[in-house]
Structure formats: structure tokens, C-alpha cells
Amino acid sequence: MKKVALVLLLAVFVPSLLLACLAIRSLRDQQFILERQRSLLYQGVADALAHDADNYLADRQHEFGQRVEALLASPSLRNNTCLFDDRVRTNWPLADVGFVVSLDGQIISPLPSSRPAARLFYADYSRFLANRESAEVFWNNANYNMNGNADSQTAQPAENAPPPPNGAPVLDGQVQLAQAQQQPNMNGGFATDNNGSSFKKSAGKQMLRNVMPQQQGASLPPGGDNLAQYSKIASSEAEFRQLIGDSREGTVARFLENKLNVLFWYRAPSEPQLVFGTQVNLGQLEEDLKQIVQQLDPALKDEVVAVLLDDTARPVALSRARFQAPWKHPFVATEIGEALPHWEMAIYLANPDQFKQSAQTLRLTLGSLIALLLVAIGLGGWLIVADLNRQLTLARQKTDFVSNVSHELKTPLTSIRMFSELLAEGRVSEPAKQRTYLGIITAETARLTRLINNVLDFSRMERGEKKYNMQRCEFVSLVRDTIETYRPHLESNGFRLDCEYPANPIRVNGDCDALAQIVVNLLSNAEKYSGARKEIAVQVSPREGAASEAELRVMDRGPGVPRGSEERIFEQFYRAHDSLSSGIQGSGLGLTLARQIARAHGGDIAYEPRPGGGSCFTLRLAALKEA
Ligand code: ADP
């Protein structure tokens with residue numbers, strides 16, 4: 001048994017547990033992949049919207065150049081460029097303050113005396129535009145130089161630019177500036193322009209981002225998550241002239257007292273010595289950018305909300321009105337670019353709990369499936385072990401049965417042989433003794449016949465070959481006749497047999513011999529298990545209920561059936577009184593047969609303890625209605 005359990009453990013349970021562990025692991029991996037795919041999808045959405053916003057700014061910057069050209073077409077402005085501030089503001093809603101500055105640093109427009117906003121602008125920018133002071137700026141020049149040729153002065157995000165090899169040839173000032181921006185940590189603090197002057201870039205300090213996206217940090221390799229905290233947009237410290245270099249147009253962004261200022265500038269080929277520019281009206285720009293946020297894919301609108309965050313992580317535009325979230329912790333976010341430094345296009349989960357819930361539901365479903373599988377395997381294993389146990393018990397009972405039956409056969413045979421030899425040898429001369437011995441031989445032969453009949457009937461029933469000869473029987477006389485044949489044997493063994501029969505006959509439909517076998521088996525058990533008080537009572541009575549029944553009770557005053565074995569005594573080969581310990585011989589088939597016969601007749605047989613001690617076996621059969 002232990003061996004079977006060990007085999008089951010090694011062959012079924014351990015592999016099943018291993019499989020379950022693998023399944024749980026792969027489930028976790030699947031979930032991670034799913035989350036990763038989702039975050040990549042949303043990252044793509046954020047990137048696309050940020051790209052759209054960046055393109056929109058580039059278009060506005062280009063549009064500014066066209067406005068300047070249109071304004072310069074009017075001779076009044078060409079002759080009097082100090083009117084540029086007024087003209088550009090009336091012509092272009094994005095213009096806050098228009099300015100014109102000559103390459104040698106002379107500010108022509110606005111006139112500080114013209115209006116308060118111009119005075120403020122003058123105070124903030126006059127020294128920077130006149131190249132008398134370098135400022136920390138974010139800048140971005142269009143890919144065209146004054147000759148209309150493409151050049152490489154657009155600042156790129158740092159990770160896109162290949163680092164120059166050591167000892168790279170001297171580049172022109174703008175390219176160097178761009179590269180200095182791209183590798184703040186590698187080039188040190190200074191770079192040189194083509195005029196030989198030097199400008200100081202922002203000493204390689206990486207700026208922290210205002211937002212900390214949950215997924216970008218989570219999806220980075222271990223140890224790399226710090227990178228996500230830093231901005232990809234780096235500032236440079238330079239003078240205005242150095243920034244514009246040879247380019248035709250561009251954008252310069254700058255934080256003044258923590259407030260973002262964005263300047264578009266343009267150099268008209270007709271006025272090569274002048275730089276036209278405007279301070280962008282950020283309020284108007286925000287209005288325009290709202291439309292870009294609204295362009296979020298309608299299929300995603302239920303799942304996520306796109307939000308444009310400014311440099312303080314304040315929501316500027318939302319794809320869903322009145323949406324609230326911890327703004328500094330979007331699901332994913334992408335920086336817009338140098339034109340709007342530290343502004344980010346952020347994606348928030350519309351219902352973060354739902355995301356967790358669906359992951360939880362998936363985990364729960366698969367987890368319960370695995371648990372169910374384990375329970376099924378456990379149950380299957382338990383059933384196998386239980387069945388095996390049953391088979392082993394049965395095998396043991398069969399072995400006991402063979403030895404019991406052999407013993408039961410031997411005991412009457414010994415008596416028969418002994419007494420028949422005594423009689424045959426003529427050693428018993430008294431006629432009374434001779435009759436007693438002959439009586440013993442008859443009783444023992446009957447016992448043998450009963451035993452052999454039981455065994456044969458049992459094997460017939462097992463094979464399904466037992467046939468009953470059903471006919472109308474009178475139950476009371478059937479019982480009385482059977483008992484009366486048994487009475488001499490019982491009384492000669494010192495038993496008192498009390499019988500009660502009803503006055504009226506009870507008819508049943510059945511096989512008379514089979515029913516008589518039940519009576520004999522019950523009576524023989526009462527004899528065997530009576531112990532010291534040899535009193536047996538038999539009662540036959542009719543029972544009137546919904547259907548009329550015949551009832552037979554066989555009672556003794558023995559020790560009764562041990563507790564817990566009341567039903568098991570009807571199982572094949574089961575013996576509550578072991579031959580060895582009780583000294584009572586038996587095959588464990590008598591009650592099995594009695595119940596099978598009773599049930600084949602539509603009745604049953606049951607045990608109950610007899611009041612006052614002893615056993616009471618009750619047989620019930622359906623009675624026929626009197627014709
Ligand atoms: P057996 O040949 O062992 O008597 P049975 O099928 O007739 O087989 O009975 C099964 C078991 O039921 C017996 O071994 C005994 O333990 C119990 N039993 C049967 N009749 C009685 C009874 N009258 N009193 C107490 N125990 C009984």
C-alpha cells in the first residue's frame with residue numbers, strides 16, 4: 001500500500017505540482033507581456049500625439065516666416081521696420097510681441113516706449129538679443145540656411161545622435177553647439193564657434209522630468225530606471241547670434257522667472273542683416289494644441305485619456321473634459337521637444353482599477369482552473385487509492401473466505417466421519433445413542449448442504465446466473481415449516497425457540513426455496529451468535545400501510561452486531577466476528593445472500609439491536625392482496 005502511495009506521489013502528484021508551478025509562471029509571464037504590449041501601444045499613442053504637437057509648432061514657425069515675407073512686401077514696413085511689432089500682432093494671433101534685431105545687435109522693434117508689454121520684453125530680452133549676454137535656452141533651428149540649403153542644425157534628442165569619435169575634425173559652430181547639447185556629460189562645459197569665440201553650455205547637468213511615467217520606469221531594464229527620470233531635452237547657454245548661426249529660421253525657448261517664453265525668429269533673404277521674431281502668445285498656442293489632444297484615436301477614448309502637460313505638470317489640454325488623475329504620474333508620457341521644453345504628452349488610464357481588475361480576473365480564472373485541475377488530480381488519486389484499498393481488502397477477504405469455508409467444511413465432515421465410523425464398527429449398541437449419533441450426522445450433513453448451497457448460490461449471483469422460480473407462496477406456513485425442520489436441532493443444542501404466527505395466511509410472490517434459505521440463514525446466525533443465553537424468538541406478522549407487507553423477525557439474546565458494522569455485515573465476505581478471536585466459524589456470505597434474495601423479491605432485510613440485548617434481523621416482503 002505504501003508502495004502504491006509512493007508511486008502515485010512520484011508519478012502523478014509531483015509532476016502535476018511541477019506542471020501547476022510552470023503554468024503559474026507562464027501565466028505571470030503572459031500577464032507581463034500583455035502589460036508590456038499595452039504600455040507599448042499607449043507609448044506609441046503618446047509619441048504620435050507629441051510628434052503632432054511638435055509638427056504643429058514647426059508649421060507655426062514656418063507660417064511666421066511667411067507672415068514676415070508678406071509684411072515685408074509692403075514698402076511702408078520695409079522702410080520703417082520699427083512698426084513690425086504692431087504689424088505682426090494685428091496680422092497673426094500667435095504673436096505677442098514682434099521684434100526686429102540686426103545681426104550686429106541693434107534692436108529696431110519693439111520700441112520700449114510703445115506699450116507696457118514691449119517695455120517688459122525689452123527688459124527681458126534686449127541684452128540677450130543684442131548679444132551682450134548669454135542665456136540658458138532651448139533652441140531648434142529649421143533645416144535651411146540663408147542660401148536655401150539644408151543643413152544639420154536641428155537639435156536632435158540626445159539618444160538619436162551618434163557621439164563624435166575622439167579627435168573628430170573641427171565642426172562649424174552650430175554643429176558643435178548641437179553636439180554639445182547632445183552629449184552634455186562628454187564634452188565638458190565649453191564649445192567653440194567658427195568665429196573663435198566660446199559659449200558655455202549648461203555644464204552637462206541633466207534635468208529631471210516633472211512627471212514620472214509609471215510604465216516607462218517599469219519597463220526599463222533593472223538599473224536603467226533612473227534614465228526615465230531625466231529629460232531628453234537639454235538646455236544650452238549661448239548668445240542669440242550664436243544660436244541663429246547661418247540658419248534662416250528657428251525657435252528659442254527660455255524660462256524667465258520659471259515662466260516659459262517661446263520665440264520664433266526668421267531671416268528674410270531680402271533683409272539678410274535683420275532677424276525678425278516674435279514672442280509667442282502661449283495662451284493662444286494652448287488653445288490650438290487642444291485640438292491635437294482631441295485627435296486621440298476614438299477606439300482608445302474609453303480606455304485612456306490624453307493630456308498635454310506643461311512644464312509644471314499642469315494639464316493644459318485634455319481629451320476628456322473634467323478628467324482627474326495624479327498628473328505627475330501618467331501611465332506613459334513623451335516630451336514634446338525643444339520648442340516647448342518639459343511639456344509632455346501624457347496618457348492616463350481612464351479606469352486604472354479596471355486594468356488591475358482585468359489582470360486580477362485573468363489571474364483568478366487561470367488560478368482557479370489550475371486549482372481545479374489539482375483538485376481533480378487529487379480526487380482522482382484519492383479514488384484510485386480508495387479503489388485499490390477496496391480491492392486489497394476484498395482480496396484479503398477472499399483469502400479469509402477460502403480458509404473459513406475449508407474450515408467449515410472440515411468441521412461437519414469430521415463429525416460425520418467420526419460418528420459414522422462408530423456406528424459402522426458397531427461400537428455403539430444402545431439404540432438411543434445410535435439415534436443421537438444419526439441425528440448429529442443428519443444435522444452436520446444439513447449444515448454442509450447449507451454451506452455448499454450458499455457458496456454455489458453466491459457464485460451464481462456473482463455471474464448473474466441465479467434464477468428464481470417465482471410463484472404464489474404462503475409466507476406463514478413457509479416460515480413455520482422451515483423453522484419446524486430446524487427446531488429439533490436447536491432444541492437438542494439447548495435452545496429455547498419461541499415462535500409467533502398470525503392467524504391468517506399472508507401470500508407473497510416469490511421463490512419458496514430461496515425464501516426458505518433466508519429463514520435458515522437467519523436462524524443459523526441466531527444459533528451461532530447467541531452466546532450463553534440460548535433464546536431465539538421468531539415473529540411473523542402482516543404490516544398494513546400504503547402497501548401490505550409480510551414481516552419476519554428473527555431475534556436472539558447474543559452480543560449483537562458491533563457498532564459501525566450494522567451495514568457492513570451485509571457486504572460479501574465481511575465478518576464482524578472474526579473466526580480467530582470469536583471462535584465462531586463462518587464464510588461471510590449468509591447475510592449477503594439473504595439480502596440479495598430479499599431485494600430480488602422487491603423486499604429488504606435490515607438489522608437493529610434488540611431491546612434488552614441481542615440482535616433483531618427483519619425481513620420485509622411485499623404481500624399479495626387476497627383475491
Ligand atoms: P457468517 O458466515 O460469518 O455468519 P454472515 O453473512 O451470515 O456470515 O454474517 C456476517 C456477519 O454478521 C457475521 O460474521 C457476524 O459478525 C454478524 N452477524 C450475523 N448474524 C448475527 C447475529 N445474530 N448476532 C450478531 N452478529 C451477527
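These legends accompany close-up views of the ligand and of helix α14 in a predicted model.

**View 1. The shell around the ligand.** Here you can see 19 residues around the ligand, and Tyr 529, Arg 575, His 577, Ser 587 and Leu 591 come nearest (a residue belongs here if one of its heavy atoms lies within 4 Å of the ligand). The shell divides into eight nonpolar, eight polar and three charged residues; Tyr counts as nonpolar, Arg as charged and Gly as polar. At least two shell residues come from each of α12 (512-528), α14 (590-600) and β20 (615-622), with helices (H or I, at least four residues) and strands (E, at least two) taken as DSSP runs numbered from the N terminus.

**View 2. Polar contacts of the ligand.** Look for pairs of N or O atoms within 3.5 Å. One ligand oxygen atom is 2.6 Å from a side-chain N or O atom of His 577, and the side chain of Tyr 529 has such an atom 2.8 Å from a ligand oxygen. For Ser 615, the partner is a ligand nitrogen atom, at 2.9 Å. The protein covers 99% of the 530 Å² of accessible area that the ligand has on its own (Shrake-Rupley method, 1.4 Å probe).

**View 3. Helix α14 and its neighbours.** Eight of the 11 residues of α14 are buried (under 20% relative accessible area, 1.4 Å probe, protein chains only), among them Leu 591, Arg 595 and Ile 597. The buried residues pack against α10 (431-463), α12, β19 (604-609) and β20, with contact meaning heavy atoms within 4.5 Å. Just after α14, Gly 602 takes a positive phi of about 80 degrees.

**Notes.** Residues are numbered from 1 along each chain as its sequence is written, and side-chain values use heavy atoms, leaving out hydrogens and water. In this predicted model, local features need pLDDT of at least 70 and side-chain atom pairs count only at pLDDT 80 or more, while totals for chains, interfaces and linings use all residues.

Note on methods: A polar contact is a pair of N or O atoms within 3.5 Å; within protein, one must be able to donate a hydrogen and the other to accept it, and residues adjacent in sequence count only if both atoms are side-chain atoms. Buried means under 20% relative accessible area, exposed over 50%, partly exposed in between (1.4 Å probe, protein chains only).
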